[in-house]
Every structure is written in structure tokens, then in C-alpha cells.
Amino acid sequence: ICANCHQKTGTGLGELFPPLAGSDYLLSDLKRAACIIKNGQNGEIVVNGKTYNQMMPANTQLTPLEVAEVLTYISNSWGNDAGLTGVKEVEKWLNECN
């Protein structure tokens with residue numbers, strides 16, 4: 001699902017979609033990232049100093065376990081090194097999403 005916009009290499013898609021590889025936005029707040037994976041996001045964000053303003057669709061079909069798996073994968077691929085994100089942690093975060 002993620003590769004459609006963020007590409008298999010995690011480098012994003014030009015000016016449209018931000019990178020996941022080396023993303024300061026992703027790695028600075030994994031709780032926020034879990035909420036975005038599940039609920040989507042609208043509006044401007046700044047990733048590695050560059051502004052993006054494309055809607056990310058919600059993935060409401062994903063279970064907390066699947067969100068934890070996606071988050072663990074993207075935060076530990078392409079040079080990212082955030083470690084394991086547990087399902088209990090993600091369940092808590094998803095209950096706290098704004």
C-alpha cells in the first residue's frame with residue numbers, strides 16, 4: 001500500500017509524496033505516524049525541510065497489529081533504525097489519536 005506513493009525505495013515521489021527513508025517527520029514521532037497510517041492525513045507537512053501537501057488516505061481496515069507491523073517496517077528500512085514498535089504500544093496510541 002505504502003509503495004504506491006512513497007515508492008519501494010522509500011524515497012517518495014518527487015514534489016508530491018514525501019520520503020520515508022531518512023524522514024525526520026516519521027522518526028521524530030512514531031505515535032503520530034501510527035495515527036497517520038490508520039486515519040490518514042490532510043494538510044501541509046514538512047519532511048527534511050521540504051513542504052508537502054498531499055492527502056494521505058486512511059487505512060481504517062488495518063488492525064493495531066498490522067499498523068505496528070507497517071510502522072516497524074517503515075521505521076527500520078532504507079537506513080531508518082527506530083527498533084521494534086509493539087502492538088500494545090500502537091493500541092494505546094491509536095486510542096489517543098486526535
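The paragraphs below walk through a predicted model, from its packed helices to its largest pocket and a few individual residues.

Helix H3, spanning 30–39, is a good place to start. Most of this helix is covered, with 7 of its 10 residues buried. The buried set consists of Leu30, Ala33, Ala34, Cys35, Ile36, Ile37 and Lys38, and the elements against which these residues pack are H2, H4 and H5. Both ends of H3 carry a local feature. At the N-terminal end, Asp29 acts as a cap, with a side-chain oxygen 3.3 Å from the backbone nitrogen of Lys31. Just after the helix, Gly40 adopts a positive phi of about 75 degrees.

Within H3, Ala34 gives a closer view of the packing. Its relative accessibility is 0%, so Ala34 counts as buried, the limit for that class being under 20%. Once neighbours within four places in sequence are set aside, the contacts of Ala34 are Val67, Leu71, Trp93 and Leu94. Two of these partners, Val67 and Leu71, are themselves among the buried residues of H4. A separation in space can also be given for Ala34 and Pro57: these residues are 23 apart along the chain, and their C-alpha atoms are separated by 13 Å.

Helix H4 (64–74) can be described in a similar way. Here the buried residues are Val67, Ala68, Leu71, Thr72 and Ile74. Their cover includes H2, H3 and helix H5, the last of these running over 87–95. The packing of H3 against H4 thus appears again when the cover of H4 is listed, with H3 included.

Attention now turns to empty space. Such space is revealed by rolling a probe the size of a water molecule over the atoms. The largest pocket holds about 560 Å³. Its lining is made up of 31 residues, and those nearest the centre are His6, Pro18, Leu20, Ile36 and Met56. Of these, Ile36 is also listed among the buried residues of H3. Five elements, namely H1, H2, H3, strand S1 (45–47) and H4, each contribute at least two residues to the lining. H3 provides the largest share, at 4 residues. Sorted by class, the lining has 22 nonpolar, 8 polar and 1 charged residues.

The loop between H1 and H2 contains several residues that deserve a look, including Gly10. With a relative accessible area of 0%, Gly10 is buried. Apart from residues up to four places away in sequence, Gly10 touches Pro19, Leu20, Ala21 and Trp78. One of these, Leu20, is among the residues nearest the centre of the largest pocket. Gly10 and Asn80 lie 70 residues apart in sequence, while the distance between their C-alpha atoms is 10 Å.

Asn80 appears again in the surroundings of Ser23, whose contacts beyond four places in sequence are Val47, Asn48 and Asn80. Ser23 also belongs to the loop between helix H1 (3–6) and helix H2 (24–28). This serine has a relative accessible area of 2% and is therefore buried. Its side chain reaches the backbone nitrogen of Leu26 at 3.0 Å.

The backbone offers two further details, both at residues other than glycine. Gln7, again in the loop between H1 and H2, has a positive phi of about 70 degrees. An accessibility of 26% makes Gln7 partly exposed. Asn48, already met as a contact of Ser23, has a positive phi near 50 degrees. This asparagine is placed in the loop between S1 and strand S2 (50–52), and its relative accessible area of 41% puts Asn48 in the partly exposed class.

Finally, the aromatic rings can be considered. A pair of this kind is described by the distance of the centres and the angle of the planes. A search of the whole structure returns 1 aromatic pair. The partners are Tyr73 and Trp78, arranged edge-to-face with 5.7 Å from centre to centre and 85 degrees between the planes. Trp78 is partly exposed, its relative accessibility being 27%. The same tryptophan is touched by Gly10, which links the aromatic pair back to the loop between H1 and H2 where Gly10 lies.

Key:
Residues are numbered from 1 along each chain as its sequence is written. This is a predicted model: local features need pLDDT of at least 70, side-chain atom pairs count only at pLDDT 80 or more; totals for chains, interfaces and linings use all residues. Side-chain values use heavy atoms; hydrogens and water are left out. Buried means under 20% relative accessible area, exposed over 50%, partly exposed in between (1.4 Å probe, protein chains only). A polar contact is a pair of N or O atoms within 3.5 Å; within protein, one must be able to donate a hydrogen and the other to accept it, and residues adjacent in sequence count only if both atoms are side-chain atoms. Contact means heavy atoms within 4.5 Å. On a 1 Å grid over the protein atoms alone, a cavity is a set of points where a 1.4 Å probe fits but cannot get out, and a pocket is an open set with protein on both sides within 12 Å along at least five of seven lines; lining residues have an atom within 4 Å of a point. Grid points are joined across faces, edges and corners, and a volume is the space filled by probe spheres set on the points. Ala, Val, Leu, Ile, Met, Phe, Trp, Tyr, Cys and Pro count as nonpolar, Asp, Glu, Lys and Arg as charged, and the others, Gly among them, as polar. Rings of Phe, Tyr and Trp (its six-membered ring) pair if their centres lie within 6.5 Å; planes under 30 degrees apart count as stacked, over 60 as edge-to-face and the rest as tilted.
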